[in-house]
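Here are a few exercises to work through with the model open beside you. Try each task before reading its solution.

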Amino acid sequence: MDAELLLAHVLGVSRSRLLTLDDVAPLEGDRFGGLVDQRADRVPLQHLTGRAAFRHLELAVGPGVFVPRPETEQLTGWALERLAGIDGPIVVDLGSGSGAIALSIAHENPGARVTAVERDPGALAWTRHNAVTRVAAGDTPVGVVAGDMTDPALLSELDGRVAVVVSNPPYVPDDAVLPREVADHDPPLALWGGPDGLDVVRGMLTVAARLLHPGGWLGIEHADQQGVALPAVVRAHGGFADIEDHPDLAGRPRFTTARRS
Ligand SMILES: C[S@@+](CC[C@H](N)C(=O)[O-])C[C@H]1O[C@@H](n2cnc3c(N)ncnc32)[C@H](O)[C@@H]1O
């Protein structure tokens, strides 16, 4: 499948169009071969094509930014469901990377006022690039803020006004062994979350609790092994109720949600 997608990328056609192609010109064949070699050397497909599909969007990605994953589409869908029926809800995406969550929410709920926060300057360039592209395509603008999701003063102008805080934070435990596509190509700041993977989440909860209005929702993605630990960390904070964990489509624990009490 990756080889087909790379050939379609080189030829500038859809994957299904490959079925009706008789031949590939030598120059394009060489380019295709080069890309297949890089993919065999574990460069992520999305870095080779420069594009990542996420819900209804196609986002620009490359070295320096985390490639959005299908699991996160589900967390984004959950956030969108929480916003249904609210007039002009304020939404904050903490650790926005390519902007996948924030830009999808703005695309699918044009009335939402979305702020994307990103700490890594390298990733922030991609957040801004994708945000500008989406505005040019007609979407509601998303505010992009350089900031640290654990900073106690982050976005203090939104204190108590936010309907949904959503985050796919770095959550990989320090001793985890990752596939080369991830370890060598996703930025370190997007991955590592301390000894149990939950250091950034612990720091972020105080910020989320301050931003959310009473009854506002928090949704945080996590690793398969954190389906008990992350809800426990949210419970220990003390500022949240209705704490629940949700499986992904493969049935593995994937994200925790809670309501500001
Ligand atoms: C796992 S990636 C998720 C990116 C994007 N939200 C997605 O789902 O594809 C985590 C993102 O959080 C950013 N990040 C890590 N620590 C952060 C912090 N303390 N404050 C803000 N952003 C942070 C990383 O740079 C990275 O872009």
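## Exercise 1: Placing Val135

This is a predicted model, and Val135 sits in its helix α6, which spans residues 121-136.

**Task.** Decide whether Val135 is buried, partly exposed or exposed.

**Solution.** Start with the relative accessible area of Val135, which is 39%. Next, recall the cut-offs: under 20% is buried and over 50% is exposed. Val135 therefore counts as partly exposed.

As a follow-up, pick out Asp184, which lies 49 residues from Val135 in sequence. Their C-alpha atoms are 32 Å apart in space.

## Exercise 2: Reading the sheet

**Task.** Work out which strands stand at the edges of the sheet.

**Solution.** First write down the strand order, β5-β4-β3-β6-β7-β9-β8, for this open sheet of seven strands with mixed pairing. Then look for strands with a single partner: these are β5 (143-146) and β8 (240-247), so each has one side without a neighbour in the sheet. From one strand to the next, the twist averages 15°.

Now check two pairings. β8 and β9 (residues 253-260) run antiparallel and are joined by six bridges; within this pair, His246 has Phe255 of β9 as its bridge partner. β3 and β4, in contrast, pair in the parallel sense over five bridges, and Val92 is matched with Thr115 of β4.

## Exercise 3: A strand and its cover

**Task.** Explain why β3 is described as largely enclosed.

**Solution.** Take one side of β3 and you find Ile90, Val92 and Leu94, which are buried. Turn to the other side, where Val91 and Asp93 are buried too. Five of the five residues are thus buried, so the rest of the structure largely encloses β3.

Two helices touch this strand. Helix α5 (residues 100-108) packs on the sheet against β3, β4 and β6, and its direction makes about 170° with that of β4. Helix α9 (residues 199-211) lies across β3, β6, β7, β8 and β9, at about 150° to β7.

## Exercise 4: Around the ligand

**Task.** Find which residues come closest to the ligand, and then trace its polar contacts.

**Solution.** Of the 17 residues that surround the ligand, the closest are Gly95, Glu118, Asp148, Met149 and Asn168. Next, go through the atom pairs:

- Asn168: a side-chain N or O atom is 2.9 Å from a ligand oxygen.
- Arg119: a polar backbone atom is 3.3 Å from a ligand nitrogen.
- Ser96: a backbone N or O atom is 3.5 Å from a ligand nitrogen.

Finally, consider the surface: the ligand alone exposes 590 Å², and the protein buries 98% of that.

Technical notes
Residues are numbered from 1 along each chain as its sequence is written. This is a predicted model: local features need pLDDT of at least 70, side-chain atom pairs count only at pLDDT 80 or more; totals for chains, interfaces and linings use all residues. Side-chain values use heavy atoms; hydrogens and water are left out. Two strands pair if DSSP finds at least two bridges between them. Helices (H or I, at least four residues) and strands (E, at least two) are DSSP runs, numbered from the N terminus. Axes are lines fitted to C-alpha atoms, for helices over the stretch in contact, and angles run from 0 to 180 degrees between N-to-C directions. Contact means heavy atoms within 4.5 Å. A residue is near a molecule or strand if one of its heavy atoms lies within 4 Å of it. A polar contact is a pair of N or O atoms within 3.5 Å; within protein, one must be able to donate a hydrogen and the other to accept it, and residues adjacent in sequence count only if both atoms are side-chain atoms. Accessible areas come from the Shrake-Rupley method with a 1.4 Å probe; for residues, only the protein chains shown count as cover. Buried means under 20% relative accessible area, exposed over 50%, partly exposed in between (1.4 Å probe, protein chains only).
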